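Here is a small set of exercises to work through with the viewer open. Try each task before reading the solution below it.

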Amino acid sequence: MVNETQSPASSNAFSFLSRSWKEVRVSADADLQLIRNRANSFKNLATSFDRELENLISSVPSAFSVPSAIRSSRQPAEIDFVKRLQPKLSEFRRAYSAPDFSKRVLEKWGPRGSIRIDLSAIRNAIVSEEADGDGDGVVDFDWARKRRRRRRRVLRFMEEPKVEKDYWEPIRALKARLGEFERRRSTSTSTVDIFEGWKSGEIVEKVKSSLKAICKEPEDSKKIPPLDVPELLACLIRQSEPFLDQLGVRKDVCDKLVESLCSKRKNQLLMHSLSGEESSIIGNDNMNDELDLRLASVLQSTGHCYEGGFWTDTAKHDMTDQKRHVAIVTTASLPWMTGTAVNPLFRAAYLAKSAKQNVTLLVPWLCKSDQELVYPNNVTFSSPEEQETYIRNWLEERIGFKADFRISFYPGKFQKERRSIIPAGDTSQFIPSKDADIAVLEEPEHLNWYHHGKRWTDKFNHVVGVVHTNYLEYIKREKNGALQAFFVKHINNWVTRAYCNKVLRLSAATQDLPKSIVCNVHGVSPKFLKIGDKVAAERELGQQAFSKGAYFLGKMVWAKGYRELIDLLANHKSDLDGFKLDVFGNGEDAQEVQSAATRLNLNLNFLKGRDHADDSLHGYKVFINPSVSDVLCTATAEALAMGKFVVCADHPSNEFFRSFPNCLTYRTSEDFVAKMREALANEPQPLTPEQRYKLSWEAATQRFLEYSDLERLLNEDRGNGGTVKINGKALAKSVSMPSLTELYDGGLAFAHYCLTGNEFLRLCTGAVPGTRDYGKQHSKDLNLLPPQVENPIYGW
């Protein structure tokens with residue numbers, strides 16, 4: 001047998017040929033059969049190597065679907081090299097896989113014979129640029145004469161300094177592999193191990209990865225498919241919602257139709273490969289956002305630019321500094337203790353507390369004659385500055401910190417019939433253009449019933465309406481209330497759709513307005529929470545916290561729940577024998593309410609109205625609120641914050657309070673009696689930290705920012721003012737889609753402007769005379785320009 005361990009070290013990549021044939025020559029007489037076996041083995045390995053390379057080259061086009069145009073235009077020169085190399089290898093395989101290869105080898109064998117194998121084609125294909133031209137490209141098996149010369153040539157090629165050339169990665173990898181073969185000592189026992197090492201090495205994987213990189217389809221070659229018919233129908237239905245709403249088609253029906261049409265698109269996309277934009281659509285559950293992204297992507301791919309609609313004012317104020325501006329406009333002001341005077345004041349203070357945005361509170365200024373009708377205890381002010389001082393002192397006493405926001409005034413007139421303040425003139429003009437960023441309209445329907453001026457959504461970037469009052473419930477109690485409520489309902493829809501981007505309803509007791517969502521965005525003053533903490537501390541010390549029974553507090557008008565209260569007590573006078581109720585309040589219906597209680601012989605003790613935080617009210621244990629006309633009773637929240645029981649009707653206006661254990665709701669009059677007995681016989685539970693936070697203005701402000709979309713707007717990067725985000729994907733505003741809804745809302749605003757500009761029509765709908773523009777007294781009090789002289793009837 002041949003002693004293979006005595007073979008010399010490999011001289012180059014083909015040294016296994018030298019070593020094998022030297023051994024054959026030494027032991028030719030003794031081991032001819034071994035030569036035949038080795039020749040056959042070499043033939044099989046050459047065939048296997050050729051097949052592996054052919055599979056590699058043929059697998060590239062099938063694994064990567066590269067268009068022929070791209071392949072032809074971007075195919076690198078290195079692929080041509082592989083194609084030139086393939087026929088040479090095939091020729092090499094055919095030459096040495098012939099059946100009589102072993103026979104010819106033996107015939108040429110002699111003491112000084114040599115076998116010449118022509119490898120010049122393969123050598124030239126691999127290292128043609130490095131070869132020095134020596135030799136004739138023939139391998140001479142008379143190794144005594146030629147082995148050293150070839151070894152020196154290969155070593156010179158492998159060890160020469162590297163030249164900075166643009167070699168293809170597979171060439172560099174191949175050179176590194178050949179150098180590794182040359183440097184290392186052979187530890188293999190056969191030529192099979194050498195070829196197996198080559199096949200299992202990194203060269204094949206590197207060639208494949210390089211071909212993948214070359215043949216990869218660029219992202220910019222992907223094209224967004226155009227809108228199909230279901231998507232166009234979904235867009236049309238969604239944009240036509242205002243028209244369909246007028247025809248009686250509910251919004252939820254439209255949403256289901258849009259979802260059905262978009263789901264068909266989803267099913268189609270799941271059956272095909274998806275582009276980046278389409279895959280994001282499938283991963284999102286919000287159909288409206290999906291459709292917006294789809295439309296915006298198509299418009300962006302077409303290069304379409306949309307700069308605004310027919311009614312849209314594109315010259316909105318663009319903030320130049322990094323701070324946003326929030327303008328809060330309300331319909332009442334202190335010292336009138338009404339919800340629209342108190343709650344917007346707290347909202348302004350807590351929005352300004354974060355110092356992330358500048359805040360302006362815009363309140364009505366009344367002439368002295370109207371102040372005497374509205375403000376309690378004959379309180380009047382001779383100047384806006386005097387009233388502002390009163391407002392700030394009252395606020396700081398209750399919140400415990402100095403609120404840094406601005407207070408401005410707009411002209412208003414008091415309407416006795418509606419017990420409301422109506423704006424005079426264009427209210428929006430009292431917010432400077434430099435501050436016209438975000439507007440919060442407290443009672444947007446009330447502010448815009450007779451608004452004749454610039455459209456809020458044109459002047460401001462975002463407009464939020466907060467609905468405080470259930471006007472339909474009040475109007476239904478008047479003469480011809482059903483007919484009036486019908487018209488007021490549609491007018492409210494009209495003005496809120498035309499002038500607001502988002503509407504927040506404090507409870508579901510209010511009218512279902514366009515663009516609205518139900519959320520309680522009101523809290524209680526920290527003063528009431530401190531009272532509750534004091535009561536809890538007294539109870540822990542074993543002291544009696546409550547020494548009195550039940551009470552009711554509210555403006556003394558029938559709509560505030562006095563009718564329901566008197567009916568409940570009259571129907572169950574015998575069941576509540578000995579029950580005494582203290583009532584605190586002032587109002588226009590005070591005499592009628594007291595007369596009705598006296599006539600029915602009810603045990604009611606009527607007292608003057610006072611602040612709910614007054615010390616005289618701390619000792620009461622049970623607060624009663626039978627009203628079903630409230631939207632969200634502030635007194636109920638304050639009573640819960642003070643640690644009292646609250647007995648109230650099972651009504652949407654009290655939905656927010658049901659989670660509190662001290663809130664006892666009733667459905668029937670018999671249930672009312674049971675809840676009253678339960679409250680009088682037990683002690684209220686102390687508030688948990690979570691319940692205290694839920695009632696606070698900090699939590700209310702956070703809910704307001706979240707549900708009004710202000711949190712997103714206030715946190716937007718000011719540098720991205722030219723972009724809009726849909727599903728987290730930034731798209732340029734210039735490619736925003738035209739909207740039929742915007743066209744419809746703009747038409748409503750224009751029609752409303754035309755109608756409110758006619759004084760005769762204003763008077764017919766109940767407006768206060770002279771409120772289309774402010775008067776001389778307002779211009780004097782507020783240092784405004786004198787009003788224009790106009791036709792008193794037509795107002796042209």
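A disulfide here is a pair of cysteine sulfur atoms within 2.5 Å. Keep in mind that the model is predicted.

**Exercise 1. Cysteines**

Task: Find how many disulfides the rule gives, and look at the surroundings of Cys648.

Solution. Start with the total: the rule gives 0 disulfides. Next, take Cys648 and look for its closest cysteine sulfur, which belongs to Cys663. The two sulfurs are 3.6 Å apart, and the cut-off is 2.5 Å, so this pair is too far apart for a bond. Now check accessibility, where buried means under 20%. Cys648 has 0% relative accessibility and therefore counts as buried. Cys500 also has 0%, so Cys500 is buried.

**Exercise 2. The sheet**

Task: Work out the strand order of the open sheet and say which strands stand at its edges.

Solution. Trace the strands across the sheet: the 8 strands follow the order β6-β5-β4-β3-β7-β8-β9-β10, with mixed pairing. At the edges stand β6 (420-423) and β10 (516-518). Each of these has a single partner strand, so one side of each is left without a neighbour in the sheet. From one strand to the next, the twist averages 30°.

Then zoom in on one pair. Strands β3 (residues 324-329) and β7 (residues 438-442) run parallel and are joined by 4 bridges. Within this pairing, Ala327 has Ala439 of β7 as its bridge partner. Finally, add the helix: α18 (residues 384-399) packs on the sheet and touches β4 (357-365) and β5 (406-415). The direction of α18 makes about 110° with that of β5.

**Exercise 3. Two helix contacts of α16**

Task: Describe how α16 is oriented against α18 and against α29, and sort the contact residues by class.

Solution. Begin with α18. The axes of α16 and α18 come within 11 Å and cross at roughly 70°. The range 65 to 115 degrees counts as roughly perpendicular, so α16 is roughly perpendicular to α18. On the α16 side the contact uses Val342, Leu345, Phe346, Ala349 and Tyr350, and these meet Ile391, Trp394, Leu395, Arg398 and Ile399 in α18. Sorted by class, the contact holds 9 nonpolar, no polar and 1 charged residues.

Turn to α29 (residues 697-707). Its axis and that of α16 (residues 339-353) come within 10 Å, crossing at roughly 85°. These two helices are therefore roughly perpendicular to each other as well. From α16 the contact takes Asn343, Phe346, Arg347, Tyr350, Leu351 and Lys353, while α29 supplies Trp697, Glu698, Thr701, Phe704 and Leu705. This set divides into 6 nonpolar, 2 polar and 3 charged residues.

**Exercise 4. Two buried residues**

Task: Decide whether His522 and Asp745 are buried or exposed, and list what each one touches.

Solution. Locate His522 in the loop between β10 and α23 (526-540). At 7% relative accessibility, His522 counts as buried. Leaving out residues up to four places away in sequence, His522 touches Asn343, Arg347, His468, Leu506, Leu632, Trp697, Ala700 and Arg703. As a distance check, His522 and Phe346 are 176 residues apart in sequence, yet their C-alpha atoms are 8.7 Å apart in space.

Move on to Asp745, which sits in helix α31 (residues 740-756). Its relative accessibility is 3%, so Asp745 counts as buried. With neighbours within four places in sequence set aside, Asp745 is in contact with Arg455, Arg497, Ala498 and Lys515.

**Exercise 5. Backbone exceptions**

Task: Find where Asn480, Asn601 and Pro335 lie, and say what is notable in the backbone at each.

Solution. Recall the background first: most residues other than glycine have a negative phi, and most peptide bonds are trans. Asn480 has a positive phi of about 55° although it is not a glycine. Asn480 lies in the loop between α21 (471-476) and α22 (481-499), and its 54% relative accessibility means that it counts as exposed.

Asn601 also has a positive phi, of about 60°. The loop between α25 (590-599) and β13 (604-607) holds Asn601, which counts as exposed at 61% relative accessibility.

Last comes the peptide bond joining Leu334 and Pro335: it is cis, with omega about 10°. Pro335 belongs to the loop between β3 and α16.

How values were computed:
Residues numbered from 1 in each chain as written. Predicted model: local features only at pLDDT ≥ 70, side-chain atom pairs only at ≥ 80, totals over all residues. Heavy atoms only, no water. Axes fitted to C-alpha atoms, helices over the stretch in contact; angles between N-to-C directions. Parallel < 35°, antiparallel > 145°, perpendicular 65-115°, else oblique. Contact = heavy atoms within 4.5 Å. Nonpolar A, V, L, I, M, F, W, Y, C, P; charged D, E, K, R; others polar. Pairing = 2+ DSSP bridges. Buried < 20%, exposed > 50% of the residue type's maximum accessible area, 1.4 Å probe, protein only.
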